[in-house]
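Biologist: Before we talk about the ligand site, please show me the model, and then let me ask how each term is justified.

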Amino acid sequence: MSAGADGGGGGGAGTEARSRGASPGADDFVPSALGTREHWDAVYERELQTFQECGDTGEIWFGEESMNRLIRWMQKHKIPLDASVLDIGTGNGVFLVELAKLGFSNITGIDYSPSAIQLSGSIIEKEGLSNIKLKVEDFLNLSTKLTGFHICIDKGTFDAISLNPDNALEKRKQYVKSLSRVLKVKGFFLITSCNWTKEELLNEFSEGFQLFEELPTPKFSFGGRSGNSVAALVFQKT
Ligand SMILES: C[S@@+](CC[C@H](N)C(=O)[O-])C[C@H]1O[C@@H](n2cnc3c(N)ncnc32)[C@H](O)[C@@H]1O
C-alpha cells in the first residue's frame with residue numbers, strides 16, 4: 001500500500017505491506033502498522049501540524065487521478081448533487097472538498113482517527129466550505145445511525161483494514177456488514193485498492209453486492225508480468 005500516484009508504482013511507507021505470506025492467498029497479507037489506529041493517528045497528527053505550519057494538505061492516496069476517476073464516474077452516471085455520499089476513512093478529507101466544490105451538498109466523511117477528522121475540518125474551514133459532515137467513527141464499530149447512503153467511497157481504507165495485525169479476516173467480514181448497513185439498496189460502493197486485485201475484491205464483496213463497473217486504471221509491465229497498479233471497482237448493493 002502506498003500513497004503514490006496510480007501510475008507511480010511502489011515506494012513510500014507501505015511497500016512492505018504488499019507482500020503476502022509464504023503461501024499466496026487472499027487471507028495472508030503480512031500484518032502491518034498500516035492496519036492500526038496508532039499508525040494513522042501519528043500520520044495525521046504530523047499532517048495536521050504541517051497544515052497548520054505551511055498549509056500543505058498532505059497526501060492524496062493514489063494521487064489526484066484517483067479522485068478524478070471517481071468524480072468522472074459520478075458525473076457520467078448523473079449522480080444528483082443532493083445524493084448522500086459517505087467517504088469511509090476520509091483521511092485529510094480532500095475528496096470531500098472536491099465534491100463540495102462541484103456542488104454536492106449531502107456529503108459525510110468518517111475516520112477513526114481524531115487527528116484525521118481535525119485535519120479535514122481545518123482544510124474544509126480554510127476552503128470556506130459548508131455542508132460537509134465529519135465524524136470520528138470506527139467503520140467496524142459504528143456507534144451512530146449512519147445509514148441510507150446512495151454512494152459510499154473507499155480509497156485505501158479497506159486496504160488498511162486488511163493489514164490489521166489482529167484478526168484481519170474478521171475485520172474484513174465486519175467491513176462488509178457495516179457497508180451493507182450504511183448503503184441503500186441499489187446504492188453504489190466505489191472502492192480503490194492497491195492491495196487487492198479485481199478478482200479478489202469480487203470475492204470479498206460477493207455477498208450482497210454485484211459488480212456494476214470496473215474503472216480503468218494505469219497498467220504496469222515489469223519483469224515479463226503485467227497488471228494494474230490499483231483496482232478501482234464500482235459495486236451496487238443488491
Ligand atoms: C490509506 S488512508 C486513505 C485516506 C483517504 N481515503 C484518502 O484517499 O486519502 C486510510 C484511512 O482509513 C482510515 N481508517 C482505517 N481503518 C478505519 C476504520 N476502521 N474506521 C474508520 N477509518 C479507518 C485511516 O485513519 C486513514 O485515514
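The exchange below takes up the ligand, its contacts and the space around it.

Modeller: This is a predicted model, in which local features need pLDDT of at least 70 and side-chain atom pairs count only at pLDDT 80 or more, while totals for chains, interfaces and linings use all residues. Residues are numbered from 1 along each chain as its sequence is written, and side-chain values use heavy atoms, with hydrogens and water left out.

Biologist: What makes a residue part of the shell around the ligand, and how many residues surround the ligand?

Modeller: A residue is near the ligand if one of its heavy atoms lies within 4 Å of it, and 18 residues surround the ligand, with Gly89, Asp111, Asp138, Phe139 and Lys155 the closest. The shell divides into 8 nonpolar, 6 polar and 4 charged residues, where Gly counts as polar and Asp, Glu, Lys and Arg count as charged.

Biologist: Why is the approach of lysine 155 to the ligand called a polar contact?

Modeller: A polar contact is a pair of N or O atoms within 3.5 Å, and a polar side-chain atom of lysine 155 lies 2.7 Å from an oxygen atom of the ligand, so the pair meets the cut-off. The protein covers 98% of the 590 Å² of accessible area that the ligand has on its own, by the Shrake-Rupley method with a 1.4 Å probe.

Biologist: What makes the space taken by the ligand a cavity?

Modeller: On a 1 Å grid over the protein atoms alone, a cavity is a set of points where a 1.4 Å probe fits but cannot get out, and the space taken by the ligand is the largest cavity. About 410 Å³ of space lies in the largest cavity, the volume being the space filled by probe spheres set on the points.

Biologist: Which helix or strand gives the most to the lining of the largest cavity?

Modeller: α5 does, with 3 residues.

Terms used. A polar contact is a pair of N or O atoms within 3.5 Å; within protein, one must be able to donate a hydrogen and the other to accept it, and residues adjacent in sequence count only if both atoms are side-chain atoms. On a 1 Å grid over the protein atoms alone, a cavity is a set of points where a 1.4 Å probe fits but cannot get out, and a pocket is an open set with protein on both sides within 12 Å along at least five of seven lines; lining residues have an atom within 4 Å of a point. A molecule sits in a cavity or pocket if more than half of its atoms lie within 2 Å of its grid points. Helices (H or I, at least four residues) and strands (E, at least two) are DSSP runs, numbered from the N terminus.
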